[in-house]
Amino acid sequence: MREGVNRFTLLSKDFEPAYVSLLHSGELKRRAEQALAGLESCTFCPRCCGVNRMAGETGVCKTGLLPRVSNHFAHLGEENCLRGRCGSGAIFFAFCNLGCIFCQNYEISHLGEGVEVTPEQLALFMLELQLSGCHNINVVTPSHVVPQIIAAVSIAAENGLHLPIVYNTSAYDSMCSLQLLDGIIDIYMPDFKMWNPDQALRYLTASDYPEVACQAIIEMHRQVGDLKLDEHGLAKRGLLVRHLVMPGGVAGSEAILHFLAEKVSPHTYVNVMFQYHPAGEVSCENFPEINCRPSRAEYLKIVQIACNLGLRLDACR
């Protein structure tokens with residue numbers, strides 16, 4: 001094995017985005033057409049609303065045919081392996097199929113701040129981010145707009161897109177969507193939020209979240225494997241899991257880490273995050289038990305558990 005190269009390394013010269021082979025075979029365009037047709041009776045997330053989004057009907061995610069984008073830019077606040085020197089090409093989608101009452105981006109995910117865009121415009125955003133030097137295309141809160149993302153990637157790839165695609169998700173993803181994304185997404189980045197169904201109902205408005213997230217993350221890992229970095233430390237392909245430590249242990253952090261190590265991979269790359277602060281609907285009157293930051297001791301305990309399990313911890317915590 002060459003110096004500096006191990007099973008978690010994928011050299012830049014050996015990397016080609018997953019979607020390129022689908023582009024050449026014609027499968028990428030076919031996949032986009034199949035996904036868009038499915039909007040006539042939408043089951044692209046676990047809510048399975050069944051509304052006709054092609055006709056402008058909306059379900060839980062409040063999104064019809066066209067996705068709403070709040071912003072797109074070179075994001076320098078992501079993990080080191082994503083942002084590198086020039087940034088991660090983040091595209092923030094408005095609205096969400098979940099309903100986290102503590103969402104740190106409440107105005108975007110709940111109130112829908114942003115503008116509607118066509119797949120052609122979305123593809124142009126991707127190409128602009130590539131031209132600006134971004135290391136990847138990072139689709140943020142994508143679960144409710146999977147068909148539109150696939151359509152945009154198809155158009156962008158035909159016009160020279162060659163960056164890895166990062167699927168930056170809450171992990172509340174359906175198997176239907178993930179199967180359509182197989183061979184298109186290079187880096188899955190789910191945020192495993194909560195372990196207990198009762199807590200998930202209270203804080204995420206989805207009691208089935210833990211079960212869905214477990215199944216989704218196992219499938220994501222099946223598709224892309226453990227995270228691989230290039231010789232510059234940039235992520236190229238694989239699974240990167242985020243977990244936000246919350247006050248009072250309401251997230252069930254220890255159980256989540258054990259699941260990742262024992263059911264997904266002992267080499268799972270994990271970012272244990274300490275960024276939680278009261279936001280959204282959280283206040284002294286509403287959800288007072290999480291109206292505070294977690295303590296440093298709570299956070300360090302979870303980091304130590306992750307270390308003891310042998311998980312690969314992100315350097316940027």
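**A walk through the pockets and cores**

Let's start at a pocket wall: by class, the second largest pocket has a lining of four nonpolar, four polar and three charged residues. Keep in mind that what you are looking at is a predicted model. This pocket has a volume of about 160 Å³. If you want to find it on screen, pick out the lining residues: Val245, Met246, Gly248, Gly249, Gly252, Ser253, Glu254, Glu298, Lys301, Ile302 and Ile305. Two elements give two or more residues to that lining, namely helix 10 (253–264) and helix 11 (296–308). Helix 11 provides the largest share, with four residues.

Now move over to the largest pocket, which holds about 940 Å³ of space. It is lined by 37 residues, and the ones closest to its centre are Gln104, Asn105, Val140, Asp191 and Arg242. Several elements each give two or more residues to the lining: strand 1 (68–75), strand 2 (88–93), helix 4 (106–109), strand 5 (165–169), strand 8 (235–244) and strand 9 (269–273). Which of the elements gives the largest share of this lining? That is strand 1, with three residues. As for chemistry, the lining divides into 15 nonpolar, 16 polar and six charged residues.

Pockets are open; what about closed spaces? Rolling a probe the size of a water molecule over the atoms shows where empty space is left. A search of the whole structure turns up one cavity of 30 Å³ or more. Its volume is about 90 Å³. Of the 14 residues that line this cavity, Cys42, Cys45, Cys49, Arg53 and Cys61 lie nearest its centre. The lining splits into eight nonpolar, four polar and two charged residues.

While you are in that part of the sequence, have a look at Cys48, which sits in the loop between helix 2 and strand 1. Its backbone is a bit of an oddity: Cys48 is not a glycine, but it has a positive phi of about 50°. Its relative accessibility is 47%, so Cys48 counts as partly exposed. Thr205 is another case, a non-glycine residue with a positive phi of about 60°. You will find Thr205 in the loop between helix 8 (197–204) and helix 9 (209–224). At 36% relative accessibility, Thr205 is also classed as partly exposed.

Back in the loop between helix 2 and strand 1, there is Phe44. Is Phe44 buried or exposed? Phe44 has a relative accessible area of 5%, under the 20% cut-off, so it counts as buried. Beyond its neighbours within four places in sequence, Phe44 is in contact with Ala35, Gly38, Leu39, Ser143, Pro147, Ser174, Cys176, Ser177 and Leu180. One of these makes a nice long-range link: Phe44 and Ser177 are 133 residues apart in sequence, yet their C-alpha atoms are 5.5 Å apart in space.

Helix 2 itself (residues 27–37) has Glu27, Leu28, Arg31, Ala32 and Ala35 as its buried residues. Looking down the axis of helix 2, these buried residues fall within an arc of 140°, so they line one face of the helix. What covers them includes helix 1 (18–25), helix 6 (146–158) and helix 7 (175–181).

That brings us to the nonpolar cores. In soluble globular proteins, nonpolar side chains tend to be buried together. Here the largest nonpolar core has 90 residues, and Phe102, Tyr209, Leu260 and Ile290 touch the most other members. Zoom in on Tyr209: leaving out neighbours within four places in sequence, it is in contact with Leu98, Ser170, Ala171, Tyr172, Asp191, Phe192, Lys193, Met194, Ala200 and Leu204. Apart from this core lies another, of 10 residues, including Cys81, Val166, Met189 and Leu227.

Met189 is a good place to finish. Its place is in strand 6 (residues 187–190), and with a relative accessible area of 0% it is buried. Not counting residues up to four places away in sequence, Met189 touches Glu78, Glu79, Leu82, Asn138, Val166, Tyr167, Asn168, Thr169, Leu240 and Arg242. Phe287 is 98 residues from Met189 along the chain, and their C-alpha atoms are separated by 28 Å.

Terms used: Residues numbered from 1 in each chain as written. Predicted model: local features only at pLDDT ≥ 70, side-chain atom pairs only at ≥ 80, totals over all residues. Heavy atoms only, no water. 1 Å grid on protein atoms, 1.4 Å probe; cavity = no way out; pocket = protein on both sides within 12 Å on 5 of 7 lines; lining within 4 Å. Points joined across faces, edges and corners; volume = space filled by probe spheres on them. Nonpolar A, V, L, I, M, F, W, Y, C, P; charged D, E, K, R; others polar. Core = buried A, V, L, I, M, F, W, Y, C linked by side-chain atoms within 4.5 Å. Buried < 20%, exposed > 50% of the residue type's maximum accessible area, 1.4 Å probe, protein only. Contact = heavy atoms within 4.5 Å. Arc of directions from axis to C-beta.
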